[in-house]
Amino acid sequence: MKSEHLLALIGLVLAVLVVAGCAGAKTTRKAADKRGLAYGTAIQPGDILWPESAQLLAQDFNTLVPENVMKWGLLRPTKTFWNWSDLDKMVDFAEKNGMKMRGHTFVWHSQNPPYVNSLKTRDEAIALMTEQITEVMTRYKGRIAEYDVANEVVADNGTMRDTVWLKAIGSDYLDIAFRTARAADPAAKLILNDYSNEYAGDVKADAFYNLAKDLKERGVPIDGVGFQLHIEAQWPVRKDALVANIRRFAELGLAVSFTEVDVRIKMPVTPEKEAEQVRAYRDLLDAALGEPNVKSFILWGYTDKQSWVPSFFGGYGSALIYDTELKPKAAYRAILQRLLAK
Ligand code: XIL
């Protein structure tokens, strides 16, 4: 080959690489990777089976969380029957695509089977809870990066929620759950997750903070806290209170994960309401990116085609960042832009 041809060829190859590199950097996934941010979504079993959604997930997110299939009632509907197949497929899919997994959730008051809800004695409850945590975390050891070990344990008035776990085991049930989880997979990050816990100064948020602080100071193996962040577009994000809260957890040595972000709109959608939604998503992401101890920004679903919002919040909808046809919405573009910003 003549040297000028060789040079031209090298030039062409370089140009293709540069273009491909730039195009590649323009996905939310690549941009989040660059920032070391776990950027993800909750998924349902079908999401990884349909080629269109599977491709979108692998392209745009680096983290996945099972929206329901790890919950006790679905994973283990009777004491002896474990329904692993959907969860196994999700973990395989994440692994094949180089994505992280979050686990959700063990100790909760909701979506439990009858044999959990009817637990009475401390010994029985401890045996079952530790068995559940150990079984799941051993099966996926090293493959699930972070778990919501406990979910929604604080009531809205700031007291401990009166659950089957509190009643049957007593006030040390979280100690037992976190210690069991640490023993089962020492590398996994262990999170205490809740809602309405994001703003310093709110009654529930302060109680949640005091609980996490007490656990941490007593040496219970907790790595971080989760803010669910199911919020409403019409209520602006109170950034000062959010950041103040994140920082007080940082001072305790605790990470903060944004675990279930969605921003619901009172239907019908108008351009004004959509602008409020965009602002809310942007403000949340901005707060996350500004604080070094926030490691994850996870959406509670990605497409408005399947979101829990319309059935749980009457009159609300359009909470996610892709529309019912999987087309990116304005909120998606705001997220991408903020992730790419210098
Ligand atoms: C919701 C799911 O999205 C629904 O599909 C299911 O019917 C009920 O649970 N907080 C949580 C999540 O921690 O597990 C909930 O998920 C939403 C509120």
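**Parallel strands, a one-faced helix and a ligand site**

Strand β3 (residues 100-107) and strand β4 run parallel and are joined by four bridges; strands here are DSSP runs (E, at least two residues) and helices likewise (H or I, at least four residues), numbered from the N terminus, and two strands pair if DSSP finds at least two bridges between them. The model is a predicted one, in which local features need pLDDT of at least 70, side-chain atom pairs count only at pLDDT 80 or more, and totals for chains, interfaces and linings use all residues. Residues are numbered from 1 along each chain as its sequence is written, and side-chain values use heavy atoms, with hydrogens and water left out.

Within the pairing of β3 and β4, glycine 103 stands opposite tyrosine 147 of β4. On β4 there is also a parallel pairing with strand β5 (residues 189-194), over five bridges, and here aspartate 148 is opposite isoleucine 191 of β5. Six of the six residues of β4 (residues 146-151) are buried, so this strand is largely enclosed by the rest of the structure; buried means under 20% relative accessible area, exposed over 50% and partly exposed in between, with a 1.4 Å probe and protein chains only.

Strand β1 (residues 38-43) can be read in a similar way: six of its six residues are buried, so β1 is largely enclosed by the rest of the structure. Ala38, Gly40 and Ala42 point one way from β1, while Tyr39, Thr41 and Ile43 point the other way. β1 pairs in the parallel sense with strand β9 (residues 294-299) over four bridges, where tyrosine 39 has phenylalanine 297 as its bridge partner. A parallel pairing over four bridges also links β1 to strand β2 (residues 63-66), with threonine 63 as the partner of glycine 40.

Helix α2 (residues 28-35) has Thr28, Arg29, Ala31 and Ala32 as its buried residues. Seen down the axis of α2, these fall within an arc of 165 degrees, so they line one face of the helix; the arc is that of the directions from the helix axis to the C-beta atoms. Just after α2, glycine 36 takes a positive phi of about 70 degrees.

Which residues are closest to the ligand? Among the 14 residues that surround the ligand, the closest are Glu67, Lys71, His104, Asn151 and Glu260, a residue being near if one of its heavy atoms lies within 4 Å. An N or O atom in the side chain of glutamate 67 is 2.4 Å from an oxygen atom of the ligand.

Definitions and conventions
A polar contact is a pair of N or O atoms within 3.5 Å; within protein, one must be able to donate a hydrogen and the other to accept it, and residues adjacent in sequence count only if both atoms are side-chain atoms.
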